[in-house]
Amino acid sequence: MLDREIVAALVEVLNAPTRPPALWPLAFIKYPGRELQPQANPDSTATATVTLALYGWEYKHRGPRPKTPPPIDPAAVQAALNAALPDGLSVIAVQDHGTKISIKIKEEFR
């Protein structure tokens, strides 16, 4: 159940017509089932990790890729996602890996 909530929330946030400036370097989600595959963390059942591509390195990108990946501020991405995600989901960590970022999301118990 947590996986479907995370996918739906991220698609809604990242494909919105107006996004916070911190989320602009992230690619739009065209194929949610392929691009968003939350992985449950073995240490806890209430957290999952999602990997998101930056613009130019997404699945089935058409056109030339930028020479360098767009700059990412992990703290700003975390704050923007926490503000946009629905109640019950919170981002606890964001890591930059060059052409992609990994986001650790925790389900808050209601």
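These are my notebook entries on the sheet, one helix and the largest pocket of this model.

**Entry 1, the sheet.** I'm working with a predicted model here. I looked up the strand order first and got β1-β2-β4-β3, an open sheet of 4 strands with antiparallel pairing. Which strands sit at the edges? They are β1 (39-40) and β3 (89-96), each pairing on one side only. Reminder to self: strands of a sheet pair through backbone hydrogen bonds, either parallel or antiparallel.

**Entry 2, the β1 edge.** I then checked how β1 holds on to its neighbour. β1 pairs with β2 (residues 47-53) in the antiparallel sense, over 2 bridges. For A40 I found the bridge partner in β2 to be A48.

**Entry 3, helix α3.** Next I turned to α3 (residues 74-84), which lies across β3 and β4 (100-107). Its angle to β3 comes out at about 160°. Which residues of α3 are buried? I noted V77, A80 and L81. Looking down the axis of α3, I see the buried residues fall within an arc of 95°, so they line one face of the helix. A75 and A83, on the other side of α3, are exposed.

**Entry 4, the largest pocket.** I got a volume of about 240 Å³ for the largest pocket. It has 18 lining residues, and those closest to its centre are E35, L36, T51, L52 and A53. Which element gives the most to this lining? That is β2, with 5 residues. I also noted that α2 (32-35) and β2 each supply at least two residues of the lining.

Note on methods: Residues numbered from 1 in each chain as written. Predicted model: local features only at pLDDT ≥ 70, side-chain atom pairs only at ≥ 80, totals over all residues. Heavy atoms only, no water. Pairing = 2+ DSSP bridges. Contact = heavy atoms within 4.5 Å. Axes fitted to C-alpha atoms, helices over the stretch in contact; angles between N-to-C directions. Buried < 20%, exposed > 50% of the residue type's maximum accessible area, 1.4 Å probe, protein only. Arc of directions from axis to C-beta. 1 Å grid on protein atoms, 1.4 Å probe; cavity = no way out; pocket = protein on both sides within 12 Å on 5 of 7 lines; lining within 4 Å. Points joined across faces, edges and corners; volume = space filled by probe spheres on them.
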